[in-house]
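Biologist: I've got a new model open and a few things to ask about it. Could you walk me through it?

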Amino acid sequence: MTPETPLLAVEPGYRNVLRARLAVFWGPITIAAIFFDQVILPGRLFHGALTVAVPLLALIAIVAAPQRIYRRLGYRLTDRLLQSVRGWLFHVDTLVPFVRVQHIDVTRGPLDKMFGTASLVVHTAGTHNSIVTVNGLAPDTASQIRDTIREHIRTDAE
């Protein structure tokens, strides 16, 4: 790894994938909080607080968190390893030497297809942290990285 090789950013569309995932997470919580507030808490001191606070918190999370998460995602491919950097609250910098790779997958869920992203899943030898995922790649980029690593694996095996 050379200092002049910068970390590459993931696709901007991945922010929308993160927003959609957060909306799916916060939607039922918001509905449950409003229901609880309107059905169980009428006449109580804090009636109405959940109806305002939880949707506001959900909106802030859906708008602000994806940008913060996106800015802290990156990856780097060198001639011998793949580096994945992520983390908003906890910084995780993972180096995967090609010689440790057992197999590689490129996955695309419904949200990935909708927003034009893919994930590269690298399975390595060992048990602890044996699966490394690089989310938010362009599908072509994920396939190219997969093919590059696969070619190195073939070369090393010969």
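What follows is a short chat about the strands, one buried side chain and the internal space.

Biologist: How many strands are in the open sheet, and in what order do they come?
Modeller: Bear in mind that this is a predicted model. The pairing in this open sheet is antiparallel. It has three strands, in the order S1-S2-S3.

Biologist: Which strands stand at the edges there?
Modeller: Look for strands with a single partner, since one side of each is then left without a neighbour in the sheet. Those edge strands are S1 (74–77) and S3 (92–97).

Biologist: Which residue in S2 does Arg76 stand opposite?
Modeller: S1 and S2 run antiparallel and are joined by four bridges. Opposite Arg76, in S2, you'll find Gln83.

Biologist: How many residues of strand S5 are buried?
Modeller: In a regular strand, side chains alternate between the two faces of the sheet. In S5, Ala118, Leu120, Val122 and Thr124 point one way, while Ser119, Val121 and His123 point the other way, and all are buried. For S5 (residues 118–124), that gives seven of seven.

Biologist: Which residue in S6 stands opposite Val121?
Modeller: S5 runs antiparallel to strand S4 (residues 101–107), with six bridges, and antiparallel to S6, with five. On the S4 side, Val101 stands opposite Thr124. On the S6 side, the residue opposite Val121 is Thr133.

Biologist: Which residue takes a positive phi in the hairpin of S5 and S6?
Modeller: That hairpin has six residues between its strands. The phi in question is near 110°, and the residue is Gly126.

Biologist: Is Asp37 buried or exposed, and which side chain does it have a polar contact with?
Modeller: Asp37 lies in helix H1 (residues 14–40). Its relative accessible area is 0%, under the 20% cut-off, so Asp37 counts as buried. Its side chain makes a polar contact of 2.5 Å, and the partner is Thr51.

Biologist: How much space lies in the largest cavity?
Modeller: Rolling a probe the size of a water molecule over the atoms shows where empty space is left. The count comes to one cavity of 30 Å³ or more. The space in it is about 50 Å³.

Biologist: Which elements give two or more residues to the lining of the largest cavity?
Modeller: The lining includes Ser84, Val85, Arg86, Thr133, Val134 and Asn135. By type, the lining divides into four nonpolar, four polar and one charged. The elements you're after are strand S2 (81–86) and strand S6 (131–137).

How values were computed. Residues numbered from 1 in each chain as written. Predicted model: local features only at pLDDT ≥ 70, side-chain atom pairs only at ≥ 80, totals over all residues. Heavy atoms only, no water. 1 Å grid on protein atoms, 1.4 Å probe; cavity = no way out; pocket = protein on both sides within 12 Å on 5 of 7 lines; lining within 4 Å. Points joined across faces, edges and corners; volume = space filled by probe spheres on them. Nonpolar A, V, L, I, M, F, W, Y, C, P; charged D, E, K, R; others polar. Pairing = 2+ DSSP bridges. Buried < 20%, exposed > 50% of the residue type's maximum accessible area, 1.4 Å probe, protein only. Polar contact = N/O pair within 3.5 Å; in protein donor to acceptor, adjacent residues only side chain to side chain.
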